[in-house]
Amino acid sequence: MPNSPADRPCRISVQRRGPLLVEGPVEVELEDGTTVASDRFRVALCTCRRSRRYPWCDTSHRERS
């Protein structure tokens, strides 16, 4: 049933010059159509594309802030 109490909205926190923090678990569909998943309670999604673990943030954005 849509909009039931169990369907609480996903919270995404925007970080200035940093990653998007998403409450998990999450599935992310990449540009090529593949899907990656994480069952963690919160994940950091890379927005600068410098991460060696893209789409997950590895704090590479800090090197050239």
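Leaving aside neighbours within four places in sequence, which residues is Val22 in contact with? The exercises below work on a predicted model.

**Exercise 1. Place Val22 in the fold.**

Task: List the contacts of Val22, then say where Val22 lies and whether it is buried or exposed.

Solution.
- Step 1. Set aside neighbours within four places in sequence. Val22 is then in contact with Cys10, Arg11, Ile12, Phe41, Arg42, Val43 and Leu45.
- Step 2. Find the element. Val22 lies in strand β2.
- Step 3. Check the accessibility. Val22 has a relative accessible area of 6%. Buried means under 20%, so Val22 is buried.
- Step 4. Take one partner, Val43. The two residues are 21 apart in sequence, yet their C-alpha atoms are 5.3 Å apart in space.

**Exercise 2. Describe the overall make-up.**

Task: State how many helices and strands the protein has, and in what order the elements run.

Solution.
- Step 1. Count the elements. The protein has zero helices and five strands.
- Step 2. Read from the N terminus. The order is β-β-β-β-β.
- Step 3. Look at burial. The protein has 65 residues, and 26% of them count as buried.
- Step 4. Look at long-range contacts. Take contacts between residues at least 6 apart in sequence: 19% of these join residues at least 24 apart.

**Exercise 3. Find the largest nonpolar core.**

Task: Name the residues of the largest nonpolar core and the elements that give two or more of them.

Solution.
- Step 1. Name the members. Six residues form this core: Val22, Val26, Val28, Val43, Leu45 and Trp56.
- Step 2. Find the contributing elements. β3 (26-29) and β5 (42-45) each give two or more residues.
- Step 3. Recall the general trend. In soluble globular proteins, nonpolar side chains tend to be buried together.
- Step 4. Follow one member outward. Beyond its neighbours within four places in sequence, Val28 contacts Thr34, Thr35, Val36, Leu45, Pro55 and Trp56.

**Exercise 4. Sort the faces of β5.**

Task: Which residues of β5 are on the covered face, and which on the uncovered one?

Solution.
- Step 1. Start from the rule. Side chains in a regular strand alternate between the two faces of the sheet.
- Step 2. Assign the residues. Val43 and Leu45 are on the covered face of β5, while Arg42 and Ala44 are on the uncovered one.
- Step 3. Find a partner strand. β2 (residues 20-23) runs antiparallel to β5, and four bridges join them.
- Step 4. Pick out a facing pair. Leu20 of β2 stands opposite Leu45 in β5.

**Exercise 5. Trace the salt bridges.**

Task: How many salt bridges does the structure hold? Say which parts of the chain they join.

Solution.
- Step 1. Count them. There are two salt bridges.
- Step 2. Take the pair Arg11 and Glu23. Their side chains meet at 3.6 Å, N to O.
- Step 3. Locate both residues. Arg11 lies in the segment before β1 (12-14) and Glu23 in strand β2, so the pair ties together parts 12 residues apart in sequence.
- Step 4. Compare accessibility. Arg11 is exposed at 55%, whereas Glu23 is partly exposed at 22%.
- Step 5. Take the pair Arg49 and Glu31. The closest N and O atoms are 3.0 Å apart. This pair links distant parts of the chain, 18 residues apart: Arg49 in the segment after β5, Glu31 in the loop between β3 and β4 (35-38).
- Step 6. Check accessibility again. Arg49 and Glu31 are both exposed.

**Exercise 6. Examine two serines.**

Task: Are Ser51 and Ser60 buried or exposed? Give their polar partners.

Solution.
- Step 1. Locate them. Ser51 is in the segment after β5, and so is Ser60.
- Step 2. Apply the cut-off. Ser51 has a relative accessible area of 10% and Ser60 one of 4%. Both values are under 20%, so both serines are buried.
- Step 3. Follow the side chain of Ser51. One of its polar atoms lies 3.0 Å from the backbone nitrogen of Arg53. For the backbone nitrogen of Tyr54, the distance to a polar atom of this side chain is 3.4 Å.
- Step 4. Follow the side chain of Ser60. It makes a polar contact with the side chain of Asp58 at 2.5 Å.
- Step 5. Link the two. Residues touched by Ser51 include Cys46, Trp56 and Ser60.

**Exercise 7. Test Cys48 for a disulfide.**

Task: How many disulfides does the structure hold?

Solution.
- Step 1. Count them. There are zero.
- Step 2. Check Cys48. The nearest cysteine sulfur, that of Cys46, is 3.8 Å away, and Cys48 is in no disulfide. The cut-off is 2.5 Å.
- Step 3. Add the accessibility. Cys48 is partly exposed, at 30%.

Conventions. Residues are numbered from 1 along each chain as its sequence is written. This is a predicted model: local features need pLDDT of at least 70, side-chain atom pairs count only at pLDDT 80 or more; totals for chains, interfaces and linings use all residues. Side-chain values use heavy atoms; hydrogens and water are left out. A nonpolar core is a set of buried Ala, Val, Leu, Ile, Met, Phe, Trp, Tyr and Cys residues joined through side-chain atoms within 4.5 Å. Buried means under 20% relative accessible area, exposed over 50%, partly exposed in between (1.4 Å probe, protein chains only). Contact means heavy atoms within 4.5 Å. Two strands pair if DSSP finds at least two bridges between them. A polar contact is a pair of N or O atoms within 3.5 Å; within protein, one must be able to donate a hydrogen and the other to accept it, and residues adjacent in sequence count only if both atoms are side-chain atoms. A salt bridge is a side-chain nitrogen of Lys or Arg within 4 Å of a carboxyl oxygen of Asp or Glu.
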